[in-house]
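Here are a few short exercises on side-chain contacts, each followed by a worked solution. Have your viewer ready and try each task before reading on.

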Amino acid sequence: MRTVLLGPPGAGKGTQAALLAERYGIPAISTGDIFRANVKGETALGRKAQEYMSAGALVPDEVTNAMVRDRLAQDDVADGFLLDGYPRNPEQAVELDSMLNDLGVTLDVAIEITADSDAVTKRLLKRAEIEGRADDTEPVIRKRLEVYATQTAPLTAFYEGRGLLVQVDGLGEVGEVTDRIVAAVESH
């Protein structure tokens, strides 16, 4: 299975990515993990990404795309993968198609975990309290949700237009959400 996982901050993408990767025996690939690995390994791409991150700026698509391209060329993704946090916009989705075309494969499904913004705000505030994330205040969280809605949500239309989108309610117990995702993917 080759899939992307979409959804707003706090929808449970990271949790579900790990569970789905284990269930299907495929790697969960997080762009955050890719960034950290490249920065820690002091790769050329990692140094370039670090420049932007240190300045508090978003890492440009060209750097992100190159890191994802490198990761998708590794042997462990031959039987499938789950991308969490990429693509973030339609331009990256087009680039992902190009990467997969170069590898001779296609995307099977795009899973969007949906969640009410008030519910995810509460969830993220609770996580911030538990993990000591002082910078995750309600205004910051609401801003992240706005950014998601304007920049990332257009991916929903992109993948829906290609018949690849399945939407799953992300609210409820973790196992219930996983079961909903599996049922949606298997009936897709």
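**Exercise 1.** Decide whether Asp-102 is buried, partly exposed or exposed in this predicted model.

*Solution.* Start with the relative accessibility of Asp-102, which is 55%. The cut-off for exposed is over 50%, so Asp-102 counts as exposed.

**Exercise 2.** Find the salt-bridge partner of Asp-102 in helix 4, and work out why the pair ties together separate parts of the chain.

*Solution.* Step one: look for a side-chain nitrogen within 4 Å of a carboxyl oxygen. Arg-69 fits, forming a salt bridge with Asp-102 at 3.0 Å, N to O. Step two: place both residues. Asp-102 belongs to helix 5 (residues 90–103) and Arg-69 to helix 4 (residues 61–72), so the bridge ties together parts that are 33 residues apart in sequence. Step three: check the surroundings of the partner. Arg-69 has 31% relative accessibility and therefore counts as partly exposed.

**Exercise 3.** Which side chains meet Arg-142 in salt bridges?

*Solution.* Take the contact with Asp-118: the two side chains form a salt bridge with an N to O distance of 3.0 Å. This pair links distant parts of the chain, since Arg-142 sits in helix 7 (residues 138–152) and Asp-118 in helix 6 (residues 117–131), 24 residues apart. Next comes Glu-138, whose side chain meets that of Arg-142 in a salt bridge at 3.3 Å, N to O. Here both residues lie in helix 7, four residues apart, or about one turn of the helix.

Now add the accessibilities:

- Arg-142 is partly exposed, at 28%.
- Asp-118 is partly exposed, at 40%.
- Glu-138 is partly exposed, at 37%.

**Exercise 4.** Which residues do salt bridges with shared partners join into one network with Asp-102?

*Solution.* Follow the shared partners: they join Asp-102, Arg-69 and Glu-95 into one network. For the wider tally, the structure holds eight salt bridges by the distance rule. As background, side chains of opposite charge can pair when their charged atoms come close.

**Exercise 5.** How many aromatic pairs does a search of the whole structure find, and what is the geometry of Phe-158 and Tyr-159?

*Solution.* The search returns one aromatic pair. Phe-158 and Tyr-159 form it, with ring centres 5.0 Å apart and 85 degrees between the planes. Planes over 60 degrees apart count as edge-to-face, so that is the label for this pair. To finish, check Tyr-159: its relative accessible area is 0%, so Tyr-159 is buried.

Technical notes
Residues are numbered from 1 along each chain as its sequence is written. This is a predicted model: local features need pLDDT of at least 70, side-chain atom pairs count only at pLDDT 80 or more; totals for chains, interfaces and linings use all residues. Side-chain values use heavy atoms; hydrogens and water are left out. Helices (H or I, at least four residues) and strands (E, at least two) are DSSP runs, numbered from the N terminus. Buried means under 20% relative accessible area, exposed over 50%, partly exposed in between (1.4 Å probe, protein chains only). Rings of Phe, Tyr and Trp (its six-membered ring) pair if their centres lie within 6.5 Å; planes under 30 degrees apart count as stacked, over 60 as edge-to-face and the rest as tilted.
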